[in-house]
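Open the model in your viewer and keep the sequence panel beside it. The tour goes from the whole chain to single residues.

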Amino acid sequence: MNKIYLLFPIMTLMGSLGGFFFKKGAAHLDFKNVFRSVFLNLNLYIGGILYVIAAVLNIVALKYLPYSIVLPLTAITYIWTIIISRLMLKEKVNKDKVIGIILIIIGAIFIAMK
């Protein structure tokens with residue numbers, strides 16, 4: 001198996017964590033004082049940096065793998081998102097979400113096997 005596939009868990013985790021920090025940053029938005037609430041919001045910067053890291057890793061993956069493989073495998077991000085939302089935000093994970101995770105895993109395995 002190509003070692004480039006090892007990038008996907010890292011890349012997708014970075015993307016999901018980026019979204020998590022954007023969510024945390026959004027909680028502190030105050031549109032009456034945009035400069036203070038947006039430009040001085042550390043969570044938004046962390047989220048942006050994590051998104052950039054994920055994008056760079058995605059570009060690296062695209063160099064070595066076909067687009068038809070890379071893009072579907074980014075669906076792993078949804079798995080990380082559900083895990084993070086459950087652990088950090090105490091959101092509920094229902095049966096439909098679990099079924100979705102299982103289907104993503106099965107799909108990722110089929111796509112990665114070529």
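Helices here are DSSP runs of H or I with at least four residues, numbered from the N terminus. On that basis the chain reads α-α-α-α-α-α along its sequence. Six helices are assigned, and zero strands. Keep in mind that this is a predicted model.

**Whole chain**

Start with the C-alpha trace. Along its principal axes it spans about 50 × 35 × 15 Å. Now show the surface. The accessible area is about 7800 Å², and carbon and sulfur atoms account for 72% of it. Colour by burial next: of the 114 residues, 30% count as buried. What share of the contacts between residues at least 6 apart in sequence joins residues at least 24 apart? The share is 69%.

**Helix 1**

Select residues 7–26, which make up helix 1. Stop at Gly15 in this helix. Is Gly15 buried or exposed? Gly15 counts as buried because its relative accessibility is 14%, under the 20% cut-off. Draw a distance from its C-alpha to that of Leu50. The two atoms are separated by 6.3 Å, although the residues are 35 apart along the chain. Beyond its sequence neighbours up to four places away, Gly15 touches Tyr51, Ala54 and Thr77.

Step on to Ser16, also a helix 1 residue. Its relative accessible area is 4%, so Ser16 is buried. Show what surrounds it. Leaving aside neighbours within four places, Ser16 is in contact with Thr77, Trp80, Thr81 and Ile84.

**The nonpolar core**

Select Tyr5, Phe8, Leu65 and Leu73. In the largest nonpolar core, a set of 20 residues, these four touch the most other members. Helix 1, helix 3, helix 4 (67–73) and helix 5 (76–89) each supply at least two residues of this core. Which helix gives the most? Helix 1 does, with seven residues. In soluble globular proteins, nonpolar side chains tend to be buried together.

Zoom in on Leu73. Outside its neighbours within four places in sequence, Leu73 is in contact with Tyr5, Phe8, Thr12, Ala108 and Ile111.

**Helix 3**

Select residues 42–64, helix 3. Helix 3 has 23 residues. From first C-alpha to last it reaches 34 Å, close to the 33 Å expected at 1.5 Å a residue. Show the side chains of its buried residues: Asn43, Gly47, Leu50, Ala54, Leu57 and Ala61. What do they pack against? These buried residues pack against helix 1 and helix 4. An α-helix has 3.6 residues a turn, so residues three or four places apart point the same way.

**A nonpolar patch on the surface**

Go back to the surface view. Select Leu29, Phe31, Val34, Phe35, Phe39, Leu40, Leu42, Tyr45, Ile49 and Ile53. Together they form a nonpolar patch with about 1000 Å² of accessible area. Helix 2 (34–39) and helix 3 each supply at least two of its residues. Helix 3 gives the most, with four.

Pick out Tyr45, a patch member that sits in helix 3. Tyr45 is partly exposed because its relative accessible area is 45%, in between the 20% and 50% cut-offs.

**Helix 5 and the loop after it**

Select residues 76–89, helix 5. Its end C-alpha atoms are 19 Å apart, which agrees with the 20 Å that its 14 residues should span at 1.5 Å a residue. The buried residues of helix 5 are Ile76, Ile79, Ile82, Ile84 and Ser85. Which helices help to cover them? The cover includes helix 1, helix 4 and helix 6.

Focus on Ser85 in helix 5. It counts as buried because its relative accessibility is 12%. Not counting residues up to four places away, Ser85 touches Lys90 and Glu91.

Finish on Lys90. It follows helix 5 and is found in the loop between helix 5 and helix 6 (95–112). Check its backbone: phi is near 60 degrees, a positive value in a residue other than glycine. Most residues other than glycine have a negative phi. Is Lys90 buried or exposed? At 60% relative accessibility, Lys90 counts as exposed.

Terms used: Residues are numbered from 1 along each chain as its sequence is written. This is a predicted model: local features need pLDDT of at least 70, side-chain atom pairs count only at pLDDT 80 or more; totals for chains, interfaces and linings use all residues. Side-chain values use heavy atoms; hydrogens and water are left out. Buried means under 20% relative accessible area, exposed over 50%, partly exposed in between (1.4 Å probe, protein chains only). Contact means heavy atoms within 4.5 Å. Accessible areas come from the Shrake-Rupley method with a 1.4 Å probe; for residues, only the protein chains shown count as cover. Patches are made of residues with over 30% relative accessible area and no salt bridge: like charges are joined within 9 Å, nonpolar side chains (Val, Leu, Ile, Met, Phe, Trp, Tyr) within 5 Å. A salt bridge is a side-chain nitrogen of Lys or Arg within 4 Å of a carboxyl oxygen of Asp or Glu. A nonpolar core is a set of buried Ala, Val, Leu, Ile, Met, Phe, Trp, Tyr and Cys residues joined through side-chain atoms within 4.5 Å. The expected span of a helix is 1.5 Å times one less than its number of residues.
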